[in-house]
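Me: I would like to go through the contacts in this structure. Could we take the domains before the chains?

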Amino acid sequence: MISQQNVLSWATFFPLIGLAVILILMATRYFLGFSRRALDELARSTGLIASGLSFFCSVLAWVWFDPSQSGVQLVQHFTWIKGFNIEYLVGVDGLSISMVLLTGLISFVAFVASMPWWSSAKYARMAGMVEHGHDDGHHPQHFSVRMVPGYMCMLLLLQTGMMGTFVALDMFLFYVFWEVMLLPMYFLIGIWGGPRKEYAAIKFFLYTLVGSVLMLLAIIGIYYNSHAAPLADGSMSAGHTFNLIELAKQGQEGVFAGSPAVLGFAFSKIAFIALFIGFAIKIPMFPFHTWLPDAHVEAPTPVSVILAGILLKMGPYGILRFNYPLLPDATQWAAWVVALFGVINIVYAAFVCLAQSDLKKLIAYSSVSHMGFTLLGMSAMTPTGISGAVFNMFSHGIISPMLFLIAGVIYDRAHHREIGRFGGLAQALPEYAGITGLAFFASLGLPGMCGFVSEFLVLVGSFPVFLGFTIISATAVIITAAYYLWAIHRAFLGKLNPVYKDYPDLVWRERLVLYPLGAIAIVLGFYPQAVLGVINPALTLLVSGLRPM
Amino acid sequence: MEHTLQAAAHATGPLPTHAAGYLWLIPFLPLVGAVINATMGARLQRRFGKGLVHVIGVGTVALSFVVACIAFVQMWGLPPEHRFLQNTVWNAFTAGKVSVDLGFALDPLSMMMALAVTFISALIHVFSIGYMADEPSYWRFFAYMNLFVFSMLLLVMGDNFVLMFFGWEGVGLCSYLLIAFWYTDPQKAAAGMKAFITNRFGDFGFVVGVFLLFWALGGAWQQAPDGKTKYVETDAHAAAYVAAARGEGQGVPHVEIGPTLNFRLLRDQIVNTDTGVAEKLKAQKMFGFGILGVIGILLFVGAMGKSAQLPLHVWLPDAMAGPTPVSALIHAATMVTAGVYMVARLNFLFALSATAMGWVALIGALTALFAASIGFFQYDIKKVLAYSTVSQLGFMFIGVGVGAYWAGAYHLLTHAFFKATLFLCSGSVILACHHEQDMRKMGGLGKPMPITRWTYLVACFAIAGFPWASGFYSKDEILWKAFTQEGLKFLGMPMPYLGQLIYLIGIVAATGTSFYMFRSYYMTFSGEYRGHGHRHLPKESPLSITLVLVALATGAVLAAVIGIPYAWTGHAPLLEHWLEPALPAIVHFAEKSHATEYLFQLIGVSVGVIGWVAARALYKDGRSQVPARLLLRWKRAWTVVYNKYYVDEIYQATILRGSVGFARLCSWFDKYIIDGLVNLAGAIARVAAELDGAIDRYIVDGAVNLVAGATLAAGRGLRRLQTGRIQTYLYGALAGAIAIVFLNFLLK
């Protein structure tokens, strides 16, 4: 059933099938009238299984992917809307296969973290997973027991959108998946979020929508400037094409560089800027980053996990999929500005972290800082720099979910995240302190974990091209260490605040997600080639046409 | 001898390597111990007691020492220029030109380090059994200690910069964890944090230095015609040396040339002068300086952090908050010497730049004097030893800075022994005095604690530089080489007398060393016991502690055997001979007669004696009133020095306050300006929407309603016409007819 031709489609649509099953279950309940609790459990199981199958398919795709061959693999290709040259074209190259694997993994982790299962009675009571009749600010109900079927549907739809975005190789298809992603995210934050959820959800939605609109304009512009290309059925398309592989070829041939100017500006530059801003909002890049802390602070833990682990990666992914191959001339023209914004992201956000008192906000800003490394690395366009940038996407995709899960652990117990109000937690929650230390040190780039490798590669790769920028960025190693260690110092060390004396240590629902991620971070710290070996060929190909280095 | 060997290395091309597939075991074994104790230690300790925990902890390190000995035997059997054992486990990552192996290498220098690290670690682990016996989280202590040994061995044995940095950061992490071991005390926890962050300042410099070196090997930064500085890869000159390296012309076969992070490949291309790499690097400029000088200084910034040199020395004295075995192992014997090891490892690189050499030596000398002066007035026994460590590290940097690499490495070794002895003795004393560290509350401990006392005294003689104890040979060799080094530069400026100046500073610092060490000895062990807080008089520590003390003190004396100078025996010291293949750098020293050398040795001994006599006169038995009177007289100066020249306070006020203030500013900017703009955009959109709504409601909709209203009104008006009376209709019809006639007339 699952073959090399359709594995990516399965990975994309298994969650959607799960969604359909949940809807059917809801309808069935209307007729059969089984209990709400039973429906909740069924919806959870369905979600977990559907996401698990999607994860399985992404692993399969990873296994089947042959890194020794460049170009797109595991392709499924047929004509969808012939009249507009729109096709269903999915496939992966070295760049997207790593993101597909990450999406499968992190989505599954998010599902596991959405279950109230595997927790002790005391913990469940503390977290608000037990029915107590009311759901208000003082006794909030845990997100994992609130409107469960709806939550699962939204999460599944989100997973389809994300997976689709990474596998789509048709511009129109890409845009469809991109937009599919937005809506469930809006509801997940707006319904299952914290006290200021409405503000955060709307901010997220509108901000990303602005990006989408710019992107759409650029996509239409690119479409109308493109030449005809062959369709899946062998015929030539009518005049233009949405096929990203063909567009990349045309981009390398300079088709868009020679397009007629728009309002006196070169088309490729205008298109670059529109696409770049659209993607930069997702990264998020300074100064378009302020939606992120709000969204993270209000989002429930698994949604933060997905947001940090996957959604942020779509920004750089889009830039590498659209801007780099399609608009090589504009990419070179803008490189140093991209690098500059990367540096601002890295250093500025690190300083902002230093001043945070909310644990989740600190972690959110650290994401901004770490994504800056990706910007810097890819703007250098050296093979080392761009490999580092993409590896940074992967390693940040492993580490930042850990960090948000960690913030969730303490929030489930204490119902606040003020670092200064904790103190001496290591005495009450030693295991939690240990895993927090691991995650923090991974994030501050301690060798032996994957964060170091990515930062090292980015810095060494961009050093010859942007000497000053790289040196400024490297100072972040000091600031990053300072804000993490200071957070550990305030929250975990020193005298134990007696309020937290009887808090339960990690439960299995937390261990199940934290330990595997920690193990991956360590394994990739010692053997990063496992991922780098797969992504390198595609990236070397990508930059070989850009800058002779 | 020296020169023939180096000449041979230059002619033969790449360094021959010998496979030793078991080398990974040396760091791996302690890692296993660390992982077991970290993950299962708490449970093991509960179920089987502390015995199992320390069996694992000590056992793995001891095994690692055994494997290191096997490697030593294998290396011993090889001819000197073949002594290079290599074990590449796997390729960790490759991206572009950057390729990093998880590979271990042992040459004579790293062999010496590996042996010293595993041996001293094993002893200190044994010591910890007795010292930490009452600690509830015993398992955690051993897990951290084993992790430290793993990291240190990685640092020493890693065959490339990345692996060295891996260990470099790893030891920093363990240092953090162990300083903050008793984390419930916020001050101790803060000391750990300070150590890590200060080290990161150094790491920043180190990493930038590595990048610069890496890229300088494969190209150069050149001024483009448009005035911008641009990195240009390997130029025509480079192509020539690549051709030469391929064996075309007079080149060297099989030497890989180009950017590399691997120490051996780096060494091959620099040491084999025929490749032209050394000349190319020498000629390259950056920021107006020779690039080698910049690289050397940047790399040394890393050493300043790790080895606590000015101005990054501030963390080490605070690091004494950790348990005493930690102070002995990490903050005296091994980790803090990493910087010295790094400079010695890269001797061929540092030797190419007189600026880098001068910088290293000068910072070393200044630190030696600066720290010694603080050591004069401390009362906390561990603080005295901490400043003494900083000062001794300064001596080592003088050694590796002036080009006496073997002497620096030798001092590293001897220091490891005598400083570990001193620290463990202090630990023994502190344990006996019920965790009292203030020497004013000690005194008279010589009688109840004879073993501790004698070992401490032996180590004091070693550090003060008395003949037949190891410190004399290493320190004297360093200072002698400093005096005869005339080629140093200060930031590019030639300074022929810099060597002599450094010698002078060193001699003053050596006098100070002798003084404060004997001061601590007399304050602790002579006179009457002054600690009245406790009823129990101190007594000698258990066997696991005293045995280790004796073993280490013996080492501190015996280490002298391998460093007896040329002037005494007529052949090179054993260690120098052993290290030769690993130290291919060619450094020129002024030729001086043996008589001069003897004279300098005499000076070295006499300053030691002066310090000893002065300390004896002032502090023996605590009877002399002179120290108290001097203190009164020089109160102000004393306060400044006692408070460590207020360096901490200055950092607090500038860097710390500055960055926290800047962080607040950034956060404010983010919250109110950037997010303010976003919200403003939102608000504007809403105002526009309201306006739009108003337009819609009042104008557009108003117009619609107006039409409707007008129609309605018209209807209402017209309704009146519908009266039903025939007369009205007739009047109407008539009026209409008249109007039409009239209109008809008008239009015509």
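**Domains and chains in contact**

Reply: In this predicted model, there are zero salt bridges between domain 1 of chain A and domain 2 of chain A.

Me: How many residue pairs are in polar contact across that interface?

Reply: Between domain 1 of chain A and domain 2 of chain A there are 18 such pairs, with both residues at pLDDT 80 or more. On the domain 1 side, the elements giving two or more residues are α3 (94–113), α4 (121–127), α10 (291–298), α11 (301–326) and α12 (328–354) of chain A. That side has 42 nonpolar, 13 polar and two charged residues.

Me: What area do the two domains bury between them?

Reply: Domain 1 and domain 2 of chain A bury about 4500 Å², with 76% of it on carbon and sulfur atoms. A:Y123, A:M126 and A:F286 supply 14% of the area that domain 1 buries against domain 2, more than any other three residues.

Me: Now the chains. Which residues form the salt bridge between chain B and chain A?

Reply: B:D675 pairs with A:K203, and their closest N and O atoms are 2.5 Å apart. The count of salt bridges between these chains is one.

Me: Which elements of chain B touch chain A?

Reply: Those supplying at least two residues each are β2 (85–95), α6 (161–179), α7 (186–216), β5 (229–233) and α28 (647–721) of chain B. The largest share, 14 residues, comes from α7(B).

Me: And how do the residues on that side of chain B divide by class?

Reply: The side of chain B that touches chain A has 36 nonpolar, seven polar and seven charged residues.

How values were computed
Residues are numbered from 1 along each chain as its sequence is written. Chains are lettered from A and ligands numbered from 1 in the order in which they are written. This is a predicted model: local features need pLDDT of at least 70, side-chain atom pairs count only at pLDDT 80 or more; totals for chains, interfaces and linings use all residues. Side-chain values use heavy atoms; hydrogens and water are left out. A salt bridge is a side-chain nitrogen of Lys or Arg within 4 Å of a carboxyl oxygen of Asp or Glu. Helices (H or I, at least four residues) and strands (E, at least two) are DSSP runs, numbered from the N terminus. Ala, Val, Leu, Ile, Met, Phe, Trp, Tyr, Cys and Pro count as nonpolar, Asp, Glu, Lys and Arg as charged, and the others, Gly among them, as polar. Buried area is the accessible area (1.4 Å probe) that two parts lose on being put together, summed over both. A polar contact is a pair of N or O atoms within 3.5 Å; within protein, one must be able to donate a hydrogen and the other to accept it, and residues adjacent in sequence count only if both atoms are side-chain atoms.
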